[in-house]
Amino acid sequence: MFVVLQVWLDLTLPDYMATITSLAETPGSTMGQILVQGGYMMLCAAGSLVCNVICVYLASRVAAGLSRTLREKVFNQALDLSRGDVDRFGAASLVNRCTNDITQIQNLVSMGLSVIVKAPVMAIWAVVKIVGFGWEWTLATAVAALSIALMLALTVVVCIPRFQKVQGLTDVLNRLLREHLTGVRPVRAYNAEGYERERFSGANDELTDNNLIANRVMAIMNPGMTLVTSGLTLAVYWIGAVLIEAAAPGARLTLFSQMVVFSNYGMQVVLAFVLLNMIFVLLPRAQVAAERVSEVIEAEPAVTDGVGVLDSDVAAALAVAQSTDFVEGMEGGLNAAIEQGGRNVSGGQRQRLAMGRAIAHRPEVLVFDDSFSALDFATDRKLREALARECAGTTKPIVAQRVGTVRDADFIVVLDGGSCVGVGTHDELMRSTSAPSS
């Protein structure tokens with residue numbers, strides 16, 4: 001409603017301007033009459049300003065509320081995603097989807113709620129008002145509108161595909177930066193700064209080149225729009241001068257007033273296309289952003305079989321991991337909370353809980369990377385016996401420093417100083433002189 005009222009007020013201004021022009025050229029007109037019309041123009045301008053402020057405020061409130069809701073949904077959904085889902089999306093991509101992507105949607109909604117309604121209403125209303133003014137002026141306006149439409153088509157063809165790539169390229173850049181920050185110590189330890197710099201520079205250059213091409217085309221739009229609007233104004237007044245010169249003396253004042261009014265209406269038509277250009281700039285990125293956000297919100301976490309695991313297999317898995325006693329002793333039992341990093345349990349208990357969680361899913365392969373180091377010898381032996389009994393069909397590679405942890409393994413590889421010094425079963429290695437016995 002406020003948008004339509006603003007357009008009506010904007011398109012009423014030229015009528016008062018035409019009246020002032022006629023009064024200025026009509027003998028007997030008084031300054032008071034001209035001031036009254038000027039006062040009406042000021043009221044229209046003030047009313048248009050108030051309507052615009054209200055429209056922008058309401059659109060901003062709606063856009064901010066939408067972005068808040070979307071961020072909440074994406075964040076809550078990310079918390080429910082399984083590790084596999086997080087790896088599928090990528091942590092860097094999830095961060096971008098929750099921040100940058102939603103910001104793109106917010107920007108489009110904030111501007112689009114007013115512009116998408118205002119532009120067509122303004123264009124159609126202005127065209128209706130100028131139809132009867134003369135085909136010469138109408139033709140000039142049509143040529144200007146066609147020129148802007150061609151520039152918009154250039155934007156669609158060249159810029160939109162590149163804007164659609166921005167989110168994916170930003171994900172790559174964000175991922176590389178996160179990898180560098182989280183792995184800064186290994187990077188320095190292995191003297192890989194140059195390699196990491198090349199990786200980041202390659203991704204950064206690709207994003208920069210993509211943006212440069214799109215932004216260079218977009219940079220043509222503003223001067224192009226200025227050229228078209230200035231050319232339209234010049235054409236309207238040039239055509240008006242020709243028509244006024246050829247007209248009878250009594251009709252010249254009417255033509256002059258029509259020229260002034262038409263120039264304003266013509267600018268409104270062109271302005272409508274300029275506003276649409278802003279939407280074309282925001283739409284492609286917002287469209288991609290909306291698809292990416294929807295992918296996260298609509299993703300079904302890969303835990304459909306996790307409910308079954310929690311209901312039927314968790315007790316057996318805890319028993320195999322020798323965790324039943326201390327879990328039952330915790331407040332809440334199976335529903336007890338584990339703090340971040342497992343700070344409320346001991347090192348051995350953390351290892352057993354981790355093994356129990358893995359065992360509950362009945363995987364085909366269980367990799368134990370120094371997973372028994374914090375266990376006492378008795379618990380170590382009981383756990384290995386339970387694994388052999390309950391997970392007999394599971395392949396279990398074990399990395400360990402204790403001989404007792406791997407003595408029952410089918411195949412043992414002994415490393416000393418980073419070199420392989422023995423391969424075989426425990427008994428074969430004990431009889432070998434090339435492998436250490438401890």
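This section describes the strand hairpin, the nonpolar patch, an aromatic pair, a helical position and the cysteines of a predicted model.

The hairpin is formed by strand 3 and strand 4, with 2 residues between them. Strand 3 spans residues 412–416 and strand 4 covers residues 419–424; the two pair in the antiparallel sense over 5 bridges. One of the bridge partnerships joins Ile-412 to Gly-424, the latter in strand 4. In the turn, Gly-417 adopts a positive phi of about 65°.

A nonpolar patch on the surface, of about 420 Å², is made by Phe-411, Val-413, Leu-415 and Val-423. Of these contributors, Leu-415 is located in strand 3. The relative accessible area of Leu-415 is 61%, and the residue is therefore classed as exposed, the threshold for that class being over 50%.

Aromatic pairing was examined next. The count of aromatic pairs comes to 1. The pair consists of Phe-368 and Phe-372, whose rings lie 5.5 Å apart, centre to centre, with 50° between the planes, an arrangement classed as tilted. Both of these phenylalanines, Phe-368 and Phe-372, are buried.

Among the helical positions, Leu-234 was considered in particular. This leucine belongs to helix 7, which runs over residues 193–246. Leu-234 has a relative accessibility of 62% and so counts as exposed, since the class begins over 50%. In sequence, Leu-234 is separated from Ser-263 by 29 residues, while the C-alpha to C-alpha separation of Leu-234 and Ser-263 in space is 9.2 Å.

The cysteines were examined for covalent links. The structure contains 0 disulfides. For Cys-51, the closest cysteine sulfur is that of Cys-55, at 6.4 Å; a bond is not assigned because this distance is too far, the limit being within 2.5 Å. Cys-51 is assigned to the buried class because its relative accessibility is 5%, where the class requires under 20%. Cys-420, by contrast, has a relative accessibility of 48% and therefore counts as partly exposed. The value for Cys-420 does not meet the requirement of over 50% for the exposed class.

Notes: Residues are numbered from 1 along each chain as its sequence is written. This is a predicted model: local features need pLDDT of at least 70, side-chain atom pairs count only at pLDDT 80 or more; totals for chains, interfaces and linings use all residues. Side-chain values use heavy atoms; hydrogens and water are left out. Buried means under 20% relative accessible area, exposed over 50%, partly exposed in between (1.4 Å probe, protein chains only). Helices (H or I, at least four residues) and strands (E, at least two) are DSSP runs, numbered from the N terminus. Two strands pair if DSSP finds at least two bridges between them. Patches are made of residues with over 30% relative accessible area and no salt bridge: like charges are joined within 9 Å, nonpolar side chains (Val, Leu, Ile, Met, Phe, Trp, Tyr) within 5 Å. Accessible areas come from the Shrake-Rupley method with a 1.4 Å probe; for residues, only the protein chains shown count as cover. A salt bridge is a side-chain nitrogen of Lys or Arg within 4 Å of a carboxyl oxygen of Asp or Glu. Rings of Phe, Tyr and Trp (its six-membered ring) pair if their centres lie within 6.5 Å; planes under 30 degrees apart count as stacked, over 60 as edge-to-face and the rest as tilted.
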